[in-house]
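Here are some worked exercises on how two chains meet and where their charged side chains pair up. Have the structure open and try each task before reading its solution.

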There are 2 protein chains.
Amino acid sequence: MTQVGKPARVREHVRTNRAGLLTYGITPPKQSHSRERLAEIAAAQVNRIRQLPIDGLVVYDIQDESMRTEVPRPFPYLQCVDATEYALNQLAQLTLPKIVYRCVAPLSKEELVQSLRRLDQSSCLSVLVGAASRHQALSLRLPDAYAVARNECPDLPIGGVLIAERHEQTRAEDQRATAKMDAGCGYFITQAVYSVDATKNLLSDLLYRCEAERRSMPPVLVTLSPCGSLRTLDFLHWLGVSLPRWLENDLRRSRDILQASLRVCADVLADLHHFAVNRGIPLGCNVESVSLSKVEIEASVELTHLAARQLGRDSAEK
Amino acid sequence: MTQVGKPARVREHVRTNRAGLLTYGITPPKQSHSRERLAEIAAAQVNRIRQLPIDGLVVYDIQDESMRTEVPRPFPYLQCVDATEYALNQLAQLTLPKIVYRCVAPLSKEELVQSLRRLDQSSCLSVLVGAASRHQALSLRLPDAYAVARNECPDLPIGGVLIAERHEQTRAEDQRATAKMDAGCGYFITQAVYSVDATKNLLSDLLYRCEAERRSMPPVLVTLSPCGSLRTLDFLHWLGVSLPRWLENDLRRSRDILQASLRVCADVLADLHHFAVNRGIPLGCNVESVSLSKVEIEASVELTHLAARQLGRDSAEK
């Protein structure tokens, strides 16, 4: 199994609504590291990621979301290296395309144009994210950012975030998604998924909305995020990820929460993949590795291989 | 595959918290039928039920629940033949044990004692049900009915109703269940299940409550109810059964809603059975046949055979 490698091919797959895309998602290191330590971290990541059977590398743009909720953040927020910087410079050795998240709220129009052009020239992709809460200082709004992307980099595939938990409350996430598609959004990546039914509800509502409006269903990458400790579980809650209570009961009582969550993530993907194949939904998968702990990183690598098998990539890519 | 037949054996299985019990559930015919027509209906049911691979026959006690909600009832309410009467007289030819529902609200203590004694003498079982709403005229309360059963028929196994949808709202159904167990309830039968996660949540919470309180987890029979039309779907909603929206989307758009719901019911049982086996929950199954339409009745028979295979009864009973 080898990496697809050619960035242009992934952009093409996204444009043609191909099913089965597989990505691996990382956060850039903290800015507080020394230059040497940063180089070491990047080298270790390059080595690890190079061996993964993936189409692209997702690089998150981590914002301080503590204004979103009054609940204290389980892990402290530390400023990270700029995602575009990190993806294009420190990880330059990785030839596979990067899918770089960009939180547009704090940016000026010029800053956004500049980073989108750099991504476009490197045959990368981007995901635009709006403000985390109404309270975040806002320079650029998401619809304006989409307009900027459309006008300045019409060939750069722009993705959006899809949140099933929001859909359970508002039942409007499908409409929000098609509004983003009207603005130029070509694919979606979900928040970490532990609630299969909520995700099926959103996929189903979006599918039938697309059918009714005679549009193609866009590729949706479901994000899997292994959970290695009760503290990480609390962090998932803090981020707004919901777990069915039976699963929460099981994880809190499991002797090895990491292995248990790994099995759950694999089951989640198997269930959603089966669901998507039966309905012609172009489903892909994004395995998140946002932890610094060695065992959690190893679990994300294992899960990536499991996901590749689930998506039938063993045979397809050989 | 033959029927277990011996009533005493089923009572013993319930007492020893055996997994894998399988029942078939019917409603008695309407009281408005002529005597001859009633005899015909009973004969047809006897013939059909005799061939099913089940441990017992559930006979519901249908009440006019229209006071429970302001939504109009999709099917008119018609008074049915008394459940105990019907089970013990018209279906006397069926030697398998009957599990007779008894809505206690309209009964006097004497009426309840009388019908419980008849069931006890016929080696049957009972399920006691409280008032459908706070507005129903109330002669006997459920805790008093349990006390009556305990004192008058201590050997008669009494079951209770378990409603996952109520647990989603109150998170207290597990506590309600253990309170019923304290009052003498030895097994549970659920409302029709279309929401797997809600049911897993309730089973999980009840299991861990039983563990914490050092009790045995009681047998729980999950009820499967094939749905043959949009009108039946509306009726399920009216009864308080909730379906995940993706499933509702699928059923409403399916060309053959009955076959689609049959597959869903089989999947629901497979999923819950797997869940229960992994956790040591003594799960059983109750296939409901509450419709009068021929195709829906045939579907319930097919589903009963599927459930028997799922519960591994082919080999166990041969």
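**Exercise 1.** Work out whether the copies meet through the same surface or different ones.

*Solution.* Start with contact, meaning heavy atoms within 4.5 Å. By that criterion, 16 residues of chain B and 16 residues of chain A take part. Next, compare the two sets: 100% of the interface residues of chain B are also interface residues in chain A, so the copies meet through the same surface.

A note on the material: this is a predicted model, in which local features need pLDDT of at least 70 and side-chain atom pairs count only at pLDDT 80 or more, while totals for chains, interfaces and linings use all residues. Residues are numbered from 1 along each chain as its sequence is written, chains are lettered from A and ligands numbered from 1 in the order in which they are written, and side-chain values use heavy atoms, leaving out hydrogens and water.

**Exercise 2.** Find the operation that lays chain B on chain A.

*Solution.* Superpose by least squares on the C-alpha atoms of residues with pLDDT of at least 70 in both copies. A turn of 180 degrees with a shift of 0.0 Å along the axis gives an RMSD of 0.0 Å. That is the relation of a two-fold axis. In chain B, the C-alpha nearest this axis belongs to B:D197, 3.8 Å away from it.

**Exercise 3.** How much area do chain B and chain A bury between them?

*Solution.* Take the accessible area (1.4 Å probe) that the two parts lose on being put together, summed over both. The result is about 1,800 Å², with 38% of it on carbon and sulfur atoms. Now look at the contributors: B:Y208, B:R245 and B:W246 supply 39% of the area that chain B buries against chain A, more than any other three residues.

**Exercise 4.** Which salt bridges can you find across the interface?

*Solution.* Look for a side-chain nitrogen of Lys or Arg within 4 Å of a carboxyl oxygen of Asp or Glu. The rule finds four between chain B and chain A. Among them, B:R279 pairs with A:D250, the closest N and O atoms being 2.2 Å apart. Another joins B:R245 to A:D205, at 2.8 Å between the closest N and O atoms. Both B:R245 and A:D205 are buried (under 20% relative accessible area; exposed is over 50%, partly exposed in between, with a 1.4 Å probe and protein chains only).
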